[in-house]
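Grab a pencil and work through these exercises with the model open beside you. Try each task before you read its solution.

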Amino acid sequence: MKHLSSFASSALLLWIMPFFSAAQIEQEFEKNFNAAFERFKQKKTDEFQTFRDETNRKFAEFLKDSWEKFSPEQPQERPVRPEPEKPPIAEPATEKPEPQELAIGETVPPLPKPSDAPAGMPGINPVIPSRDTTGKTTVSFYGRSYGITPLSDAPFMLDGLNEAEIAAAWSEVAALPYGNLLNECTGIRNALRLNDWGYFLLCGEVARKLSEKHRDNETAFLQAFLLCQSGYDVKIARSEDGLLLLAPSSVMLYGYSFLTMDSQKYFILNKKTTGSTAIYTYRQNFSPASKPLDMHITAVPRLSDETTVSEKRIGKEENKASVPVNRVLMDFYRDYPQCDFSVYMHAPVDSCTAEALLTPLRQHIEGKPETEAANLLLGFVQKSFEYKTDPEQFGYEKPFFVEETLFYPYCDCEDRAILYAYLVRTLLKLDVVLLNYPNHIATAVCFTEPVTGDYVRIGDRTYTVCDPTYIDASAGEAMPQCKTASAQVIAYREK
């Protein structure tokens, strides 16, 4: 017999135990265990490869069928709020007005906490590619370069864009040794701490390099192939302009056309289209386990370290904070789709930026009661940041991540609200909500000590208005126009 049975091996080991030391017996047990574990791993790997091969075969067969015709729906544009050209200044009052409970409308519930890392796919073993690109294909991604394994000796090319040709191309790529490439893509994702959108962009860069950069149809096809194999719900579509890449998202993506299939919005992510464009695609997912792109960021991407320094005044004129901001991270955020506010609210802040900003602010409020500390933070945001609306600065609406508020020369009310909420939640450990008015965004803080001033009630809790755009206003002072309007409440999830 080539191998003893497990029972026979154990019996033999027990029989010879008196003739060996305890260390030798332990080594023999460990050797047998490791060998059994490796056999188990190889068996599971072989089983998954068989499953993946069969999944690719069936999917290629499905792609041969006639695709359905769809008409894309127009992009949903982020509402442009008629913000003031200049932030209003609170007039010093000789006597305080009576506190007012402000009206609120819809309360947007906090989203559940996303997973800390993208879920791993069975059969994919992340490998960080070497920086040595000898014999490899060089892929650059936001300042980082890696040598990845090419799929074949020649660049990938499509024979055509009809169903049969797409199906044949799927079978062709599925027959190549793409497993190494998937391992490397996921290795880069883990090394750079990319979220789903970052991984989507990475697969796009890899696909471009494997299809000689300028072949848009080949790039879209390979990007879809890699994302499907990685567990994402991505579809290929075609129009008169070529291949399109479709994917659902966890939140609204403003400015992107989409198709609706089975009550799910599939956003067109690689090209701009119009409502008159006929689009052909299919409903079936590559795998039942396919998932939408989660646009939330749970870890700051580890991109190139090039920084710029933002100088911000804290309190008195001579007190300043020199805050480094990663310029390459700003490029990544510049390329980020416009999303719901929850994406910006919950994004972590780069540790170098956070430490340089929070350390002097922590000293600034040290030993102060929480209301006084909240007012000091209000004064910092109100007076240390230049105001300008998004249409003036960019020509369109663009909410900021916290680092962007420090990076760009100007910011508006929602950027100040998100920054102030971050400071209060981080430094004072107090709960905050955003008050979203038709032409303004403010914050409201749930203090643990009594505070006199304007407030909102959410459930059984009282939140005092704190407005980082209402210059010289303290906690409890709402803008006059907010006292007669109803706000949508946007809540943070619990930490």
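Before you start, one ruler: buried means under 20% relative accessible area, exposed means over 50%, and partly exposed is in between (1.4 Å probe, protein chains only). This is a predicted model, where local features need pLDDT of at least 70, side-chain atom pairs count only at pLDDT 80 or more, and totals for chains, interfaces and linings use all residues. Residues are numbered from 1 along each chain as its sequence is written, and side-chain values use heavy atoms, with hydrogens and water left out.

**Exercise 1. Sort aspartate 262 and lysine 429 by accessibility, then look at phi.**

Step 1: Aspartate 262 has 60% relative accessibility, so it counts as exposed. Lysine 429 comes out at 63%, so it is exposed too.

Step 2: Find them. Helices (H or I, at least four residues) and strands (E, at least two) are DSSP runs, numbered from the N terminus. Aspartate 262 is in the loop between β7 (258-261) and β8, while lysine 429 is in the loop between α13 (413-428) and β14 (431-437).

Step 3: Check the backbone. Most residues other than glycine have a negative phi. Aspartate 262, though not a glycine, has a positive phi of about 50°. Lysine 429 also has a positive value, near 60°.

**Exercise 2. Classify the ring pairs that tryptophan 170 makes with phenylalanine 221 and phenylalanine 286.**

Step 1: Get the rule. Rings of Phe, Tyr and Trp (its six-membered ring) pair if their centres lie within 6.5 Å; planes under 30 degrees apart are stacked, over 60 edge-to-face, and the rest tilted. By this rule there are 28 aromatic pairs.

Step 2: Tryptophan 170 and phenylalanine 221 are 5.9 Å apart, centre to centre, with 75° between the planes, which makes the pair edge-to-face. The two rings come from distant parts of the chain, 51 residues apart: tryptophan 170 is in helix α3 (residues 163-174) and phenylalanine 221 in helix α6 (residues 216-229).

Step 3: For tryptophan 170 and phenylalanine 286, the centres are 5.7 Å apart and the planes meet at 45°, so this pair is tilted. This pair also links distant parts of the chain, 116 residues apart, with phenylalanine 286 in the loop between β9 (279-281) and β10 (307-313).

Step 4: Are these rings buried or exposed? Tryptophan 170 has a relative accessible area of 0%, so it is buried. Phenylalanine 286, at 10%, is buried as well, and so is phenylalanine 221.

Step 5: Zoom out. Ring pairs link a cluster whose members include Trp170, Phe221, Phe286, Trp67 and Tyr178.

**Exercise 3. Find a charge that sits over a ring.**

Step 1: The test is that NZ of Lys or CZ of Arg is within 6 Å of the ring centre and within 35 degrees of the ring normal.

Step 2: Arginine 189 lies over the face of tyrosine 199, at 4.4 Å from the ring centre. Another case is lysine 388, whose charged end sits over the ring of tyrosine 410, 4.0 Å from its centre.

**Exercise 4. Describe the surroundings of strand β6.**

Step 1: Strand β6 (residues 242-247) has six of its six residues buried, so it is largely enclosed by the rest of the structure.

Step 2: Look for partners; two strands pair if DSSP finds at least two bridges between them. Strand β5 (residues 235-239) pairs with β6 in the antiparallel sense over five bridges, and the two form a hairpin with two residues between them. Within this pairing, isoleucine 236 has leucine 245 as its bridge partner.

Step 3: β6 also runs antiparallel to strand β8 (residues 264-268), joined by two bridges. Here alanine 247 stands opposite phenylalanine 267.

**Exercise 5. Which residues on two loops or helices come together in space, though far along the chain?**Step 1: Asparagine 180 and valine 127 are 53 residues apart along the chain, and their C-alpha atoms are separated by 8.4 Å. Asparagine 180 is in helix α4 (residues 179-192) and is partly exposed, with a relative accessible area of 43%.

Step 2: Proline 369 and glutamate 449 are 80 residues apart in sequence and 8.9 Å apart in space, C-alpha to C-alpha. Proline 369 is in the loop between α9 (351-365) and α10 (370-383), and at 42% relative accessibility it counts as partly exposed.
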